[in-house]
Structure formats: structure tokens, C-alpha cells
Amino acid sequence: MINVDEILSKLTLEEKIKIVVGVGMPGLLSNPQSRVAGVAGETHPVPRLGLQSAILADGPAGLRINPVRENDKNTYYVTAFPVAVMLASTWNRELLEEVGKAMGEEVREYGVDILLAPAMNIHRNPLCGRNFEYYSEDPLLSGEMAAAFVKGVQSQRVGACPKHFAANNQETNRMSVDTIVSERALREIYLRGFEIAVKKSKPWTIMSAYNKLNGTYCSQNRWLLTKVLREEWGFEGFVMTDWYAGIDPVEQLKAGNDLIMPGKVNQVNPFRKDEIGEITEAVKEGKLSEEVLNECVRNILKVLVNSPSFQNYKYSNTPDLEAHAKIAYKAGVEGAVLLKNEKVLPIDKGAKIAVFGTGQIETIKGGTGSGDTHPRYTIFILEAMRKLGLKVDEELAASYENYIKRMRETEDYKPVQHPWGFLVYPKLSEDFLSEQEIKKLAQRNDLAVIVISRISGEGDDRKAVKGDFYLSDDELKLIQKIAEEFHKAGKKVVVLLNIGSPIEMISWRDFVDGILLIWQAGQETGRIAADLLTGEVNPSGKLPTTFPKDYSDVPSWNFPGEPKDNPDTVIYEEDIYIGYRYYDTFGVEPAYEFGYGLFYTKFQYSDLKVSLDGESVKISYSITNIGERSGKEISQVYVKSPKGKIGKPLQELKAFHKTKLLNPQDREEILIEVPLRDLASFDKEEWVLEKGEYEVRVGASSKDIRLKATFVLNKERRFLP
Ligand code: GLC
């Protein structure tokens, strides 16, 4: 076992400074490619002492490495899992842990030490370009999902890295924008998920965020990285910057940001000096004490001594991709959300189906940027429906295949290489079929399936315009024409939403009979969609984020900050009132509420009992499957606090439970304990739980409350952070 203090005593000053700064983005400009091509960063080795470099790679939907390498006949494909928002839609801790384990195995067997995931920033606004990559609008759901995922990853003896710490809830000017937010909103909303993850899963590392927080860069913010993260929460790993984040490496080390990634910032910012030079100078000039430097080195080494690279682990380069594909499929099935079903789903496998929408072929597996992945395949929706033996209208399929092929060869619609290496596909018009053609299709088919797709990614936020948050005119026209003709012919219409975050639904959802949200489910997306449509498997997901009726209903109205054209500041004026905390409290009706999701079966809730027991509240209730099909129910426990000195949302999620698979008539007894501290609000320096009557509300969603019971606190309680 490597003795950290012994190493520390042997390291020269120069070697110590190299340990706290990355080697530079592998493969960028003159930098040598990593031994694992395509990773995001490496730490410096110390050959003299036999210390290897450690390797850090993205991302939340799967390991991101190059699938092929120069002069190497082998391939290095990974598993593309469902995106984080879809994983959160499962509300299934065991499943997140299983996904984390599978991903962790690929990380280890491809020679990587730390996975730069989970990404877990709160969905403050539906237009954030990376919301696909984040779990939820609610900190409890985010934290529980992250903790389960981290446990899974780290069970494989590699590290995880919850990111981006903290309040990085937009992509616009993310590297410089100053997020102004109250300490209460930080503690209760933007930090809370990280707190749960740190305390429950002990991540090896944390990634500080790009943005400033109340005036100080997160990566230079000692209150955030030392007082809160370490002194209050007991974090024992190391903190790394986001890539090229912040402006002062010395301030980063002093704040408790131990590792500066990827290193060589002057390669991308000519106004900056090399971090190693800056730190060396600061030590020599006495501006940075060697004790501080030693602390950062110690924090890094304490973690890395357990890493595969430091342990000289002989990795195989052959992780079990077959087994992981099954896990990706299972996670996607459980993360799909049935939003509408007027006696149309599941469909008859013998039905003749007209499949519309270019997304049936250009199916979206996930978002773009560092959260991208390179799987062996992505099964697209049309292909999966054919493989399942469904009777798709092949003439219509051919017209889509030809249309896409033809358009992608034109100047305006050919795929364009993004500076970060991925291809950008300009959005195609969906309205290229004539009314006559649609009428004929309605005559000869039993059902219409329409795929609506959206993609977004790192570096850019979405826009509240047609073709993004709103349907484009051609998408709306296509839906209207199909609905008219198929309904006239007595046939039904189903929409598949292949999207990574909410779009507007009200203007078109009444035209169709069924809506299945398949998010961006990774490499198995098509198979997941086909199997859910036919009832091979049953949907059991629920929304981890609100679908507002209109963008004007969203409380974070000043997103992405001021001045509008080039924001340098974003003030979280809505404070704690985001998502359902806002909509429920101020009576704003959403299109689909937090926690909503339909199933192919029905569940009955009964026997709620609530009792105070020392430092916690004991809550028990039963759930029975009273429908005809098996399924898993996600019950949510909200608490409504008494009116007091501190303003509170109408209700807040304080626990949730997913049953095992319940067959018709099966019943599950549920017992949940909620620590009283979890019900408190942050008020100035501490957590306050006011006296009065509390209402426990057990629901199938945040608005579909099935059972209620109360308990009384006779005196106020206060808890230190
Ligand atoms: C990016 C992302 C971060 C990622 C890192 C390395 O800028 O913000 O999520 O892990 O750089 O690719």
C-alpha cells in the first residue's frame, strides 16, 4: 500500500506543483495523445517515485473515448446509456447503481481511473442546453440518483466525480457568468443534491463549476469548497476544476480546489500564463505557502493511490458490452414516461403502422458535447420496429429514407462538423408529404406513429422559439394533417418524443391519442420505443422535471441573465421557487407535473400511517396493483409545512419509493423514515423546523395526491449546517 505522507516527504517542489496541474488536454495541438485515446485529461506521473499518471474521462451517459485508434486494429466502443434525465425518470436507486456499476466496469477495463460523472445541476430553466445531462428540478431526486450512481461506479474500484459544483444551471457565458443566489436557495436547492451525494456515496472527486457564485469563481470559492464541502459535509476526496475554469490557479489551490484541469490553459487562452509557472512563482514569492500546496497534493494522492493506474491494474480493453447493452435497455424502459394514452397503447403487434418523422431514422441517442458517447451502434426507431416484426408501411419508410438521404446531400442540410468534433445535423422540414399521400396512408394503415426529436448540448442553451421549445410550423402541420386524416378513417395517432428536455405540449397534444416520452435512451433507443409501443414491456417512468404549459410560465424569467445579449450576471430572483415548488405554490397549471407518468395498469394507495419517532417521522402505506397488467409504481412523499415565519413552498418532496414488479392484485407495504432535519428550512445560519401541524401527502405525482395524514411539532427545532 503506497504511504501518502511518505511520498509527500520525498516529492520535490517541482514534482508537487506538477501533481496539482494536469498535463494539458491530451491530443490537443502538440500535446501527446493519452494512452487511452480520447479522454479528457491526465495527471502528471512522477516516474522517479513510480507514480503513474491517472486518467480522467467523461461522461454521464457512458465513457467517452475514441472508438478507434491510429495503427490499432482493435476497437474501443462503449455502451451509450440513457441520458441522466431519463435515468432520473426511473426513480429507481437500484437501477442507477446497476448503470453506475456497468459504466464503472467499462471505465476500469478501458484503463481509465475517474469518470467525470454524474452531472447533477438542477433544472432551473427548461432551456438549459445540458438539462438532458442533469437529473431533475428537485434536489432530493437529484441527490438520491447521483448517490446510487456513484456507489455503482465506485464499486468497480474507479472514481466518480459529481459535477458541476455549483449553480451552473445554464450554458450561456458559463465560464464567466456570476450566479447571484441566496444562501437559502443554495442550501435547499442548488447544493442539496450534492450534499446528499457526498454524504451517501463518498465520491472520490468533485468537479467545481465554471461560473462565479456570488462574485467568486466556484473554483476559487473557499466558502464553497472548504467550509461547506469539507468542513460541514465531511468530503474526503479531491476537487478538480472544470476544464480551463477560473482565472487564478493560486486562488484555486487556496480555496480548496486541489487539481487544475486540464493544464496548459495558455494553449487556449493566450492572455494566461502556464498554471505551473504561476504556482511556482507564487510559492517562491511566498504568496502560496507550501502547507497549502502539500494539502492539495495529499488530497489528490489519498485518492489516486487507490486508482487502477496507481495499482498497475492490467486492464483488458474488453468490458462486457453485451451485458451492459441489456442494462442500458432496462434503464431506458424504466425511464420512458407515458404522458397520454386514450385507449391506443399498447398497440396490437399485427397492426399496420405508418411511421412519420425523420427521427424514426435520425434517432437521437443523447446530447452533444462532453456528454456524448461512441457506441458500437444506435438502433433507430424504424429499424427496431422492423426487427420486432411490426408491419411498418414500407412505402412510407422508403420515402423518409430517400428524403433524408437527398436532403443530407444538399449544401443547406448536410451534416456540419462542430469544432468539438461531433456532427451537427441541420433540422429538416417535417412537412414534405402531401395531403393526398397522408389520406392514402390513413386508408391502408391501422395506426400512425409520429416521432418528434430535439437535440441540445454543452456550450449552448436552447431557445423559446419554434423548432426548439415550441414545435416548428412544419411539425405542427404534419401532426394536424395526420390526425385529421387518420381520425377521419377511424384510426389513432401516437407521438414518440425523442427529446432531452421539455417542449411545449398544449398546442398539439389534443390532436393525438397517445404520447410516449422516450427521452434520449442511448444506443437501445429504437428497441425501447418499439417494445414499449407493443407492450412487450410496460412503461414505469415518471417526470423528474415539469413540462410547463408555456415558456412564459417558467419562474426563472431572467434566464440566462443580464444583459440579455451577453450576460455577465444571472440573479436567481425566484429563489427556492423553481419547478413544482413554484407552480404548486403560485397555482400555475403545468402541462405535465413533476412526478407524473401513466402506466398500462392502475395502482391503489391505502393504509397511510404517520408517527413521530424521536428524530424522524415514520411513514407507512400500501400499494396494490388493481389493473390487468404488471407494473412498478413510483410513490412520492411530499410534506406541507405549517404557515410560519419562514415562507415555504406549498409542498416539497421528502421521500419516494419504487415498488418491485407488482402483478395484478399484488400488494407492497412501504415503510419510510424521514429525518426531521430534512423538513427544515435554511434560515440565516442554521436549519429551522418551525412548530405546528405538518401534512404528509403521498402521491402518484406532485398533483395526484392519494393519501394525507398530519403530525404536530410542539416546539421549534434548530439544526446546525
Ligand atoms: C467540459 C464540461 C465538463 C467535462 C469537462 C471535460 O467543459 O463542462 O462537464 O467533464 O469539460 O471534458
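This report walks through two buried residues, a cavity, a helix and two sheets in a predicted model.

**Two buried residues**

Let's start with Val85, which lies in helix 3, covering residues 84-88. Is Val85 buried or exposed? Its relative accessibility is 0%, so Val85 counts as buried, given that the cut-off for buried is under 20%. What does Val85 touch, once we skip residues up to four places away in sequence? The list is His123, Asn131, Phe132, Tyr134, Tyr135, Gly500, Trp519 and Pro544. Another way to place Val85 is by distance: its C-alpha atom and that of Asp372 are 14 Å apart, while 287 residues separate the two along the chain.

Now hop over to Arg581, found in helix 18 (residues 580-585). Arg581 counts as buried too, because its relative accessibility is 2%. Its side chain makes a polar contact of 3.3 Å with the side chain of Tyr580. Leaving out neighbours within four places in sequence, Arg581 is in contact with Glu137, Asp138, Pro139, Ile189, Ile576, Pro649, Gln651 and Glu652.

Here are the two side by side:

| Residue | Helix | Relative accessibility |
|---|---|---|
| Val85 | helix 3 (residues 84-88) | 0% |
| Arg581 | helix 18 (residues 580-585) | 2% |

**Empty space inside**

Rolling a probe the size of a water molecule over the atoms shows where empty space is left. How many cavities of 30 Å³ or more does the structure hold? There are 6 of them. The largest cavity has about 100 Å³ of space. It is lined by 14 residues, and the closest to its centre are His123, Pro126, Glu137, Thr546 and Tyr583. Two of these names have come up already: His123 touches Val85, and Glu137 is in contact with Arg581. Sorted by class, the lining of the largest cavity has 6 nonpolar, 6 polar and 2 charged residues.

**A mostly covered helix**

Next up is helix 7, residues 192-201, where 8 of the 10 residues are buried. Which ones are they? Arg192, Gly193, Phe194, Glu195, Ile196, Ala197, Val198 and Ser201 are the buried residues of helix 7. And what do these buried residues pack against? Their partners are three helices and a strand: helix 5 (139-154), helix 6 (183-190), helix 8 (222-232) and strand 7 (205-207). Just past the end of helix 7 sits Lys202, with a positive phi of about 45°.

**Two open sheets**

One open sheet is built from 6 strands in the order 11-18-17-16-12-13, with mixed pairing. Strand 11 (337-341) and strand 13 (391-392) are at the edges; each has a single partner strand, so one side of each has no neighbour in the sheet. Within this sheet, strand 17 (residues 492-498) runs parallel to strand 18 (residues 514-517), and the two pair over 4 bridges. If you want to find one of these spots, look for Val494, whose bridge partner in strand 18 is Gly514.

The other open sheet has 3 strands in the order 1-2-5, and its pairing is mixed as well. Why do strand 1 (41-42) and strand 5 (114-115) each have one side without a neighbour in the sheet? They stand at the edges, each with a single partner strand, so one side of each is left free of a neighbour there. Strand 2 (residues 55-57) pairs with strand 5 in the parallel sense over 2 bridges. Here, Ala57 stands opposite Leu115 in strand 5.

Key. Residues numbered from 1 in each chain as written. Predicted model: local features only at pLDDT ≥ 70, side-chain atom pairs only at ≥ 80, totals over all residues. Heavy atoms only, no water. Buried < 20%, exposed > 50% of the residue type's maximum accessible area, 1.4 Å probe, protein only. Contact = heavy atoms within 4.5 Å. 1 Å grid on protein atoms, 1.4 Å probe; cavity = no way out; pocket = protein on both sides within 12 Å on 5 of 7 lines; lining within 4 Å. Points joined across faces, edges and corners; volume = space filled by probe spheres on them. Nonpolar A, V, L, I, M, F, W, Y, C, P; charged D, E, K, R; others polar. Polar contact = N/O pair within 3.5 Å; in protein donor to acceptor, adjacent residues only side chain to side chain. Pairing = 2+ DSSP bridges.
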